[in-house]
Amino acid sequence: MNKDHIYNESMSSIADFRFDARVADVFTDMIERSVPGYRSIITMIETLTEHYAQPGSNLYDLGCSLGAATLSMARGLKADHCAIVAVDNSAAMVARCRKALARAHTCASVRVVEGDILTTDIVDASVVVLNFTLQFVPPEERAGLLKRICDGMRPGGVLILSEKVVFEDAHLDRLLYDIHHDFKRANGYTDLEISQKRSALENVLVPESIPTHRTRLLEAGFTSVDVWFQCFNFMSMLAVK
Ligand code: GEK
């Protein structure tokens, strides 16, 4: 696995974060050292897929990056005649995702699409994954996207929504922000790398609170919504239609 050193040299100006080839080359190392609980969520997506996939339906991994969640879905898929569609708008991610899936020799039918999830048709879906993707969608587009996802799902289908979150309580928000910093330091990132990456993400990754996510998911048409996993300021929710 290539190690992420992107922000380890001091930069005079820091450009907004982009999912370009440089990031795609080190992405697995970057996300595993930056997102507490990432591996656990990826592993559990397999179990959740086994539970919720319905025969003859479509499964979507929206913002698939290198396909870690896609592969987990493929491993968990036991229902017959299903198709997995993995979508990302980064050409660098899509090229590497296709290679990773080819290497994995999965038996499931998987299609990797280079495209914008804001315009991807969601049709006859039983499992939809937004694993740390919605946070990169402009906030004003989020409600419409979730409504389209819900409209394209079968009753009893599930959306797995994982996000970095903020907390309404100022003390807890600061505490969990600091603990996340410590988590990254413990994983080998320097203070300079952490602060430069934070600046790069400032206008690109917009986290929201758990109540905001819950309310919007219910408004989009999901009926059962709650958090199933949380580690510090990172969490994953299930939203069942
Ligand atoms: C994983 N789910 O490993 N359309 C398509 N793709 C998008 C869009 C969009 N509008 N916006 C962002 N992306 C993965 C990790 S990373 C999360 C997901 C992170 C894509 C973007 O190109 C990137 O690949 C992904 O969403 C977010 O389980 O880096 O923290």
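**Helix packing and empty spaces**

In this predicted model, helix H2 passes helix H3 in a right-handed crossing. Helix H2 covers residues 38-52 and helix H3 covers residues 68-76, and their axes come within 7 Å of each other while crossing at roughly 35°. On the side of H2, the contact is made by Tyr38, Ile42, Thr43, Ile45, Glu46, Thr49 and Glu50, and these meet Ala68, Ala69, Ser72, Met73, Arg75 and Gly76 of H3. When the residues of this contact between H2 and H3 are sorted by class, six are nonpolar, four are polar and three are charged.

A distance and an angle have just been given for one pair, and this is the usual way to proceed, since two packed helices are described by the angle between their axes and the distance between the axes. The same description can be given for helix H6, residues 170-186, and helix H7, residues 191-201, whose axes come within 9 Å and cross at roughly 125°. An angle from 115 to 145 degrees is neither roughly perpendicular nor roughly antiparallel, and H6 and H7 are therefore oblique to each other. The crossing in which H6 passes H7 is right-handed. Tyr177, His180, His181, Lys184 and Arg185 of H6 make the contact together with Asp191, Ile194, Lys197 and Arg198 of H7. The residues of this contact of H6 with H7 divide into two nonpolar, two polar and five charged.

From helices we can turn to the spaces that the atoms leave open. Rolling a probe the size of a water molecule over the atoms shows where empty space is left. How many cavities of 30 Å³ or more are counted in this way? The count comes to one, and about 40 Å³ of space lies in the largest cavity. The residues that line the largest cavity are Asp4, Ile6, Tyr7, Lys184, Tyr189, Glu193 and Lys197. Among them, Lys184 of H6 and Lys197 of H7 also belong to the contact between those two helices. By class, the lining of the largest cavity has three nonpolar residues, no polar residues and four charged residues.

The second largest pocket has a volume of about 170 Å³. Its lining is made up of Ile6, Tyr7, Met11, Ser13, Ile14, Ala15, Asp16, Phe17, Arg18, Asp20, Arg22 and Val23, so that Ile6 and Tyr7 appear both here and in the lining of the largest cavity. Sorted by class, the lining of the second largest pocket has seven nonpolar, one polar and four charged residues.

Methods: Residues numbered from 1 in each chain as written. Predicted model: local features only at pLDDT ≥ 70, side-chain atom pairs only at ≥ 80, totals over all residues. Heavy atoms only, no water. 1 Å grid on protein atoms, 1.4 Å probe; cavity = no way out; pocket = protein on both sides within 12 Å on 5 of 7 lines; lining within 4 Å. Points joined across faces, edges and corners; volume = space filled by probe spheres on them. Nonpolar A, V, L, I, M, F, W, Y, C, P; charged D, E, K, R; others polar. Axes fitted to C-alpha atoms, helices over the stretch in contact; angles between N-to-C directions. Helix = DSSP H or I, 4+ residues; strand = E, 2+ residues; numbered from the N terminus. Parallel < 35°, antiparallel > 145°, perpendicular 65-115°, else oblique. Left-handed = near helix turned anticlockwise from the far one by under 90°. Contact = heavy atoms within 4.5 Å.
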